[in-house]
Amino acid sequence: MGRRPWPRVHAAGRYEAATDQEQALMDRFLARTERYQTLMTEAVDRLGLHRIDAGRGQSAGELADMVIAAADAQTAVGRPPTGQ
């Protein structure tokens, strides 16, 4: 969750070709997205839940394996085993 999505969003939204108003909207969207990700990461960490970073180019199969491994490691719903 630590990576900023800006380059991808800027490219997809044609940021450089956008009007000042369109750029301002994209900037606000990105700031809101980053804030939301920060709040969610803090909540997940505070609750001791498993967090999987899906933004590193993994395949769907690799992500599924990561989710299954995290679920298998739980000793109670939503909680990692003691000591993790």
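1. A good place to start is the contact pattern: of the contacts in the chain between residues at least 6 apart in sequence, 45% join residues at least 24 apart. Please keep in mind as you read on that this is a predicted model.

2. On confidence, the average pLDDT of the chain is 83, and 82% of the residues score at least 70. Helix α2 (residues 20–47) has the highest confidence, with a mean of 92, while helix α1 (residues 6–12) has the lowest, at 80. A general caution for any detailed work: where pLDDT is low, the predicted coordinates should not be read in detail.

3. The overall layout is quickly told. The chain holds 3 helices and 0 strands, and from the N terminus on its elements run α-α-α.

4. Now for the surface. Of the chain's 84 residues, 18% count as buried. The accessible surface comes to about 6,500 Å², and carbon and sulfur atoms account for 56% of that area.

5. Helix α2 deserves a look of its own. Its 28 residues reach 41 Å from the first C-alpha to the last, which is close to the 40 Å expected at 1.5 Å a residue. After α2 comes Gly48, with a positive phi near 75°.

6. Which residues of α2 are buried? They are Gln23, Met26, Leu30, Thr33, Thr41, Ala43 and Val44. What covers these buried residues includes α1. When you view the list on the helix, it helps to recall that an α-helix has 3.6 residues a turn, so residues three or four places apart point the same way.

7. My favourite residue to inspect is Gln58, which is found in the loop between α2 and α3 (60–73). Why does Gln58 count as buried? Its relative accessibility is 19%, and the cut-off for buried is under 20%.

8. The side chain of Gln58 has polar partners in the backbone. One of its polar atoms lies 2.7 Å from the backbone oxygen of Asp53, and the Gln58 side chain also reaches the backbone nitrogen of Arg56 at 3.1 Å.

9. To complete the surroundings of Gln58, set aside its neighbours within four places in sequence: the residues in contact with Gln58 are then Asp53, Leu63 and Met66. Asp53 therefore appears twice in this story, as a contact of Gln58 and, through its backbone oxygen, at 2.7 Å from a polar atom of the Gln58 side chain, which itself counts as buried at 19% relative accessibility.

Terms used
Residues numbered from 1 in each chain as written. Heavy atoms only, no water. pLDDT = per-residue confidence, 0-100. Helix = DSSP H or I, 4+ residues; strand = E, 2+ residues; numbered from the N terminus. Expected span 1.5 Å × (residues − 1). Buried < 20%, exposed > 50% of the residue type's maximum accessible area, 1.4 Å probe, protein only. Contact = heavy atoms within 4.5 Å. Polar contact = N/O pair within 3.5 Å; in protein donor to acceptor, adjacent residues only side chain to side chain. Areas by Shrake-Rupley, 256 points an atom, 1.4 Å probe, with all protein chains shown as cover.
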